[in-house]
Amino acid sequence: MAEADIGAPLPEEVLVEAAGEFAGSADGFERLWTPHRMAYIRGERPAEDGGEGCPFCAGPDRSDQDGLIVHRGVECFVVMNLFPYNPGHVLVCPYRHVSLYVDLTESETVEFTALTKAAVAALESASAPHGFNIGMNQGAVAGAGVAAHLHQHVVPRWGGDANFFPIIARTKALPALLEDVRSQLAAAWPTTPGSAPSA
């Protein structure tokens, strides 16, 4: 249909049926049909064995700048989320390709926790957020985009950081570039995990 025809009335031969005439019972919910998301749901996933198919296995082989890595620990690392909810959204990942939190060794668990605390400290120093969302999605059914490789989200939050864009336009306004935020966080990273950043 040409752009000029967008507001034109439907041709007479098009029959539009009232929704109330279809099977079902009203439940008070609005429906937003998103069949385009099936490509994401059915799309390729990183292999259970890790390697090149997993972004969290491949990332540490790149430079910090190319891999968007904020900090490298002994058994875990911190990387920028390529699809952030807010500027500064980072992921804490073990180097080892494991899918569940309970699969971490004791030493990995200690460093995983210490790097999460250090990420919060670095974000507080670099951008003074008002709060944080911290958590993991275990398994694809729970919302993990890369279910095969464990990662914890650390999302800085500010009052009023959500607006109509994500709801109306499926668009998230991000006022800072990933590499700029990565550089700021790397510079603000505490010298010892869990401690305050050095001045």
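Four salt bridges are present in this structure, which is a predicted model. Side chains of opposite charge can pair when their charged atoms come close. Three of the pairs are described below, each with the accessibility of its partners.

One of the salt bridges joins E108 and R96, whose closest N and O atoms are 2.8 Å apart. E108 belongs to helix 4, which covers residues 106-127, while R96 sits in the loop between strand 3 (90-94) and helix 4; the pair therefore ties together parts that are twelve residues apart in sequence. E108 has a relative accessibility of 3%, so the residue counts as buried, the limit being under 20%. R96, with a relative accessible area of 37%, is partly exposed. This salt bridge thus has a buried acid, E108, and a partly exposed arginine, R96.

A further salt bridge links D161 with R157, and here the closest N and O atoms are 2.8 Å apart. D161 has a relative accessible area of 16% and is buried. Its partner R157 is partly exposed, at 32%.

In the salt bridge between R72 and D64, the side chains meet at 2.6 Å, N to O. What is the exposure class of D64? The relative accessibility of D64 is 27%, and because partly exposed covers the range between 20% and 50%, this residue falls into that class. R72 is also partly exposed, its relative accessible area being 32%.

How values were computed:
Residues numbered from 1 in each chain as written. Predicted model: local features only at pLDDT ≥ 70, side-chain atom pairs only at ≥ 80, totals over all residues. Heavy atoms only, no water. Buried < 20%, exposed > 50% of the residue type's maximum accessible area, 1.4 Å probe, protein only. Helix = DSSP H or I, 4+ residues; strand = E, 2+ residues; numbered from the N terminus.
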